[in-house]
Amino acid sequence: MIGKPTLPRRILTTDLPALGIVLIAIGPFAWMLMTSVTPQERLAAIGVTVAPFDWSLENYVRLISRTSFLGNMGHSLIVAGGTTILGLFVSVTAAYAFSRFRFPGRKLLMLQFLLVNMFPVVLLILPLFVMMRRLGLLDTHAALIIANATVAIPFSVWMLTSYINAIPKSLDEAAMTDGCSRLQALWRVILPLATPGIISTGIYIFITAWNEYLYALTLGGRNVRTVTVAVQTLIGEYQIEWGLLSAGGVVGALPATLLFLIAQRRLIGGLTQGAVKG
């Protein structure tokens, strides 16, 4: 019988490795945060400071007052929110069809959804660019919403299909026996029961769209510039203002970070439930 590990052994084999992983994960973000609150002249003279009395919000004031960063965050919010709405609408209806119906080519279509995630995003940029140019959608929110949905929907369909599979079909049949149509059964019975999975999927889609860079750089422009592209524009040709750049990184990462912290239990629970059931 294997006994419990002693305290020194547990510290060496579990606690210290876990602490090292946490420090490696949060280290760059902590450094970015300290850089963003270090005044520019002090940053140029001695580098990042950890002394609280030397911190200043100067870089954040410059970011908001001298750049269009808040407007860029508005563009990101429109794109991420639109992608979430479109992605959930398509994913929920497709997942319900895959879960409740058996039709020719069902497994092949599910496999194709899975294979889409195996290709790098850069392979889709050129065809999407040509399509958006022909449709006259370049440098619009619609172009970025559609492009981001191509990445988010395949995984979302897989996750929601597994989640809906866990809901008994007898509930659909009982609702339709009581007079509901198929869509009414989906709306009144399945969606309330699948709410945790839908919320976790929506959070995944929102964070994915908020952090996306390649589509925003290629399909966006002067009229629609998201946060990820706006941060890159803070890098000058001959110099980099690290304080301003770090402040942009902190502000840009804040919405997605707060959303994840608020809903992390539901997100992890939904992902796990969708991954193992069905």
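## Annotated spans

The unreviewed UniProt entry carries the annotation "transmembrane region" for residues 12-34, 77-98, 110-130, 142-164, 185-207 and 242-263. The model you are looking at is a predicted one, so it is interesting to see how such spans appear in it.

Take residues 12-34 to begin with: this span is 100% helix and 0% strand, and its end C-alpha atoms are 30 Å apart. Residues 142-164 are likewise 100% helix and 0% strand, with 29 Å between the end C-alpha atoms.

## The overall fold

What does the rest of the chain look like? The protein chain contains 13 helices and zero strands. Of its 278 residues, 38% are buried.

Contacts tell us about the fold too. Counting those between residues at least 6 apart in sequence, 74% join residues at least 24 apart. On the outside, the chain has about 16,400 Å² of accessible surface, and carbon and sulfur atoms account for 70% of that.

## A nonpolar patch

Which residues form a nonpolar patch on the surface? They are Leu108, Leu111, Leu114, Leu115, Met118, Phe119, Val122, Leu123, Leu124, Trp158 and Leu214, which together have about 1,000 Å² of accessible area. Two elements, α5 (106-116) and α6 (122-135), each give two or more residues to this patch. Helix α5 supplies the largest share, with four residues.

## A closer look at Val122

One member of the patch is Val122, and its place is in helix α6. Is Val122 buried or exposed? Its relative accessible area is 51%, so Val122 counts as exposed, a label given to residues over 50%.

Technical notes: Residues numbered from 1 in each chain as written. Predicted model: local features only at pLDDT ≥ 70, side-chain atom pairs only at ≥ 80, totals over all residues. Heavy atoms only, no water. Patch = residues over 30% accessible without salt bridge, like charges linked within 9 Å, V, L, I, M, F, W, Y side chains within 5 Å. Areas by Shrake-Rupley, 256 points an atom, 1.4 Å probe, with all protein chains shown as cover. Salt bridge = Lys/Arg side-chain N within 4 Å of Asp/Glu carboxyl O. Buried < 20%, exposed > 50% of the residue type's maximum accessible area, 1.4 Å probe, protein only. UniProt positions renumbered as here; feature names shortened; annotations may be inferred. Contact = heavy atoms within 4.5 Å.
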